[in-house]
Amino acid sequence: MDPNIRSHLQTNSFYQFQLVTILTTVSQLTTMMAIVFGDLSEKENVVAATVIIMTLLGAFGIIRTMTNLKFIVDEMDETMAKTAYGKEIQSVPINALKFVFAGFFLIIGIVQLTAIY
């Protein structure tokens, strides 16, 4: 794969990861503030639906983005793999990290759901 294309794909995957992480975190923090400080009487189901949707979008978004990054790393040519950057990026446990990040979002969503009901 052309190094310029690889660079753009890796950069785009990284920014997509950041975007998903930031949007999900902000939405979960906002929802948690509404749960803690707001009056949810007779609005529990709407807030719960919001929590579930944002949690699943965040978790699956992280898994998809990290899977894309893993595909890019796996297609690295030998010249790139022998560089310090190639060795470093190949040593990152992307498969484990995608489930760790998705797990954080799921745990936060479960905590929010238990706080609602």
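Where is Val 47 found?

1. Val 47 is found in helix α2. The model is a predicted one, and the points below should be read with that in mind.

2. Overall make-up. The protein contains five helices and zero strands. Read from the N terminus, the order of its elements is α-α-α-α-α.

3. Overall dimensions. Taken along the principal axes, the box filled by the C-alpha atoms of the protein is roughly 60 × 20 × 15 Å. The radius of gyration of the protein is 18 Å, where a compact globule of 117 residues would have one near 13 Å.

4. Burial and surface. Of the 117 residues in the protein, 32% are buried. The protein has an accessible surface of about 7,500 Å², and carbon and sulfur atoms account for 70% of that area.

5. Contacts along the chain. Among contacts in the protein with a separation of 6 or more, 82% are between residues 24 or more positions apart.

6. The pair α2 and α5. Two packed helices are described by the distance between their axes and the angle between those axes. Helix α2 covers residues 44-74 and helix α5 covers residues 94-116; their axes come within 9 Å and cross at roughly 175°. Because angles over 145 degrees count as roughly antiparallel, α2 is roughly antiparallel to α5. The residues of this contact between α2 and α5 comprise 20 nonpolar, six polar and three charged.

7. Surroundings of Val 47. Is Val 47 buried or exposed? Val 47 has a relative accessible area of 14%, so this residue of helix α2 counts as buried. Leaving aside residues up to four places away in sequence, Val 47 touches Thr 31, Ile 35, Leu 40 and Ile 116. Ile 116, one of these partners, falls within the residue range 94-116 of helix α5. The C-alpha atom of Val 47 is also separated by 8.6 Å from that of Ala 34, a residue 13 positions away along the chain.

8. Backbone at Glu 42. What is the phi of Glu 42? Phi of Glu 42 is near 65°, which is a positive value in a residue other than glycine. Most residues other than glycine have a negative phi. Glu 42 sits in the loop between α1 (3-37) and α2. With a relative accessibility of 80%, Glu 42 counts as exposed. A colleague looking at this loop can thus find the positive phi of Glu 42 at an exposed position.

9. Gln 90 in α4. Helix α4 includes Gln 90, which counts as partly exposed at 41% relative accessibility. Which residues does Gln 90 touch, not counting residues up to four places away in sequence? Gln 90 touches Val 73, Met 76 and Ala 81. For one of these partners, Val 73, the C-alpha atoms of the two residues are separated by 6.6 Å, and the residues are 17 apart along the chain. Val 73 lies within the range 44-74 given for helix α2.

10. Pro 93 before α5. Pro 93 has its place in the loop between α4 (84-91) and α5. The relative accessibility of Pro 93 is 48%, so this residue counts as partly exposed. Between the C-alpha atoms of Pro 93 and Lys 70 the separation is 9.2 Å, with their positions 23 residues apart along the chain counted as the offset. Lys 70 lies within the range 44-74 given for helix α2.

Technical notes: Residues numbered from 1 in each chain as written. Predicted model: local features only at pLDDT ≥ 70, side-chain atom pairs only at ≥ 80, totals over all residues. Heavy atoms only, no water. Axes fitted to C-alpha atoms, helices over the stretch in contact; angles between N-to-C directions. Helix = DSSP H or I, 4+ residues; strand = E, 2+ residues; numbered from the N terminus. Parallel < 35°, antiparallel > 145°, perpendicular 65-115°, else oblique. Nonpolar A, V, L, I, M, F, W, Y, C, P; charged D, E, K, R; others polar. Rg over C-alpha atoms; globule rule 2.2 N^0.38 Å. Buried < 20%, exposed > 50% of the residue type's maximum accessible area, 1.4 Å probe, protein only. Contact = heavy atoms within 4.5 Å. Areas by Shrake-Rupley, 256 points an atom, 1.4 Å probe, with all protein chains shown as cover.
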